[in-house]
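Let's take a walk through this one together, from the strands to the empty space between the atoms. Have a viewer open if you can.

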Amino acid sequence: MAADPLFDQAASVLIDRGIDGGIDCAIVLGTGLGRIVDDMTETVSIPFAEIPGFPQGSVSGHAKQVSYGLLYGKKVLIFEGRAHFYETGDPAIMRVPLGLLTAFGSPPLVLTNAAGSLRPDLRPGSLALITDHINFNGPNPLVGDIGDGRFVPMIDAYDPHLRARLKKAAATSGANMGEGVYMWFSGPSFETPAEIKMAKLLGADLVGMSTVPEVILARRHGLRVAGISIITNMAAGTLGGAPSHGETRDVAATATAGLRRVFRAFLTDL
Ligand code: HPA
């Protein structure tokens with residue numbers, strides 16, 4: 001899988017467009033979080049549509065392009081928008097975007113997303129570092145992969161070293177960041193209150209519609225990965241939670257300030 005020629009083809013499009021100076025960190029921006037790119041300088045942006053193997057998609061709040069440039073002094077590649085399982089039913093829809101990072105020296109990867117909270121202390125507008133996940137949705141992006149490399153260990157899938165650095169960054173920047181276990185639901189419908197009750201019993205702190213298959217793909221490629229949720233709402237039926245896509249997008253956009261501060265401290269220190 002790691003030797004997929006599509007990864008090199010995709011990478012060569014980026015290289016042709018001037019993305020050839022190395023990557024210190026890669027970031028996937030979730031729903032409504034695109035504004036972090038405003039802090040980037042010397043930016044080169046390429047639409048997903050121009051890169052072989054990249055997903056095409058349509059969720060509002062997602063610009064769907066790759067941007068490369070200097071962010072807080074580091075060379076950063078940002079995926080502005082992702083593709084979700086619920087768009088096509090393919091859990092490996094982010095295979096090429098993440099796989100091409102192997103052609104750039106496998107930089108650390110930070111995934112961000114919008115999530116619903118199951119815990120009263122993880123309030124909408126705050127951040128949560130993902131410590132572990134539950135693939136409740138079920139599909140695995142490595143189905144059909146071959147060779148022993150597909151049997152990816154998932155202990156410490158969320159890299160402890162990156163997590164420690166992100167926690168430190170949150171502390172030094174004064175951002176409000178808790179932590180918790182993220183459970184993947186397929187979407188695009190939100191969960192029922194009964195499903196959220198079940199998720200709580202099974203050990204979830206956060207629920208969302210992305211990230212889990214990306215972490216599995218990233219670990220398949222040996223990338224060090226971390227995940228940060230922006231909590232946009234209380235999950236269905238908890239503390240009045242009645243999630244909607246509009247709320248998710250709007251709260252994510254206003255909570256970007258905290259995420260920006262975390263990235264500033266994290267990247268400055270990297
Ligand atoms: N459930 C699933 N995905 C989400 C939620 C939620 O409550 N909020 C933001 N993304």
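Since we're talking about empty space, let's begin with the cavity. Keep in mind that what you're looking at is a predicted model. The residues lining the largest cavity are A83, H84, F85, P91, I93, M94, M209, S210, T211, P213 and E214. Sorted by class, that lining comes to seven nonpolar, three polar and one charged residues. The space inside is about 40 Å³, and a search of the whole structure turns up one cavity of 30 Å³ or more.

Pick T211 out of that lining and zoom in. T211 sits in the loop between β8 and α6, the latter covering 212-220. Is T211 buried or exposed? It counts as buried, because its relative accessibility is 0%, and the cut-off for that label is under 20%. Its side chain also has a partner: T211 and S210 are joined, side chain to side chain, by a polar contact of 3.1 Å. Both of these residues are in the cavity lining.

Now for the pocket. The largest pocket has a volume of about 300 Å³. It is lined by 22 residues, and those closest to its centre are T31, A114, F190, M209 and T248. You've met M209 already, as part of the cavity lining. Which elements give two or more residues to the pocket lining? They are β5 (109-117), β8 (206-208), β9 (225-234) and α7 (245-269). Of the elements, β5 gives the most, with four residues. As for chemistry, the pocket lining divides into nine nonpolar, eleven polar and two charged residues.

While β5 is on screen, have a look at N113, which lies in that strand. N113 counts as buried because its relative accessibility is 1%. If you'd like a distance to check in your viewer, try N113 to M177: the two are 64 residues apart in sequence and 14 Å apart in space, C-alpha to C-alpha.

Next stop is β7, residues 177-184. This strand is mostly covered, with six of its eight residues buried. β7 pairs with β6 (residues 127-134) in the parallel sense over seven bridges, and I134 stands opposite M183 in β7. β7 also pairs with β8, again in the parallel sense, this time over three bridges. There, W184 stands opposite G208 in β8. To get from β7 to β8, the chain goes through helix α5 (residues 193-201), making a right-handed β-α-β crossover.

There's a backbone detail on the way. P188 is found in the loop between β7 and α5, and the peptide bond leading into it from G187 is cis, with omega near 0°. That deserves a second look, because most peptide bonds are trans, and most residues other than glycine have a negative phi.

Phi brings us to two more places to check. One is Y72, which is not a glycine yet has a positive phi of about 50°. Y72 belongs to the loop between β3 (65-71) and β4 (74-80), and the hairpin those strands form has two residues between them. Y72 counts as buried because its relative accessibility is 15%. The other is S106, also with a positive phi of about 50° although it is not a glycine. S106 is found in the loop between α3 (95-99) and β5. With a relative accessible area of 29%, S106 is partly exposed.

Let's finish with β4. How many of the seven residues of β4 are buried? Six of them are, so the strand is largely enclosed by the rest of the structure. β3 and β4 pair in the antiparallel sense over seven bridges, with G69 opposite V76 in β4. Strand β1 (residues 25-29) pairs with β4 as well, in the parallel sense and over five bridges. In that pairing, L77 in β4 is the bridge partner of A26.

Conventions
Residues are numbered from 1 along each chain as its sequence is written. This is a predicted model: local features need pLDDT of at least 70, side-chain atom pairs count only at pLDDT 80 or more; totals for chains, interfaces and linings use all residues. Side-chain values use heavy atoms; hydrogens and water are left out. On a 1 Å grid over the protein atoms alone, a cavity is a set of points where a 1.4 Å probe fits but cannot get out, and a pocket is an open set with protein on both sides within 12 Å along at least five of seven lines; lining residues have an atom within 4 Å of a point. Grid points are joined across faces, edges and corners, and a volume is the space filled by probe spheres set on the points. Ala, Val, Leu, Ile, Met, Phe, Trp, Tyr, Cys and Pro count as nonpolar, Asp, Glu, Lys and Arg as charged, and the others, Gly among them, as polar. Buried means under 20% relative accessible area, exposed over 50%, partly exposed in between (1.4 Å probe, protein chains only). Two strands pair if DSSP finds at least two bridges between them. A crossover is right-handed if, with the strands pointing away from the viewer, the path from the first strand over the helix to the second runs clockwise. A polar contact is a pair of N or O atoms within 3.5 Å; within protein, one must be able to donate a hydrogen and the other to accept it, and residues adjacent in sequence count only if both atoms are side-chain atoms.
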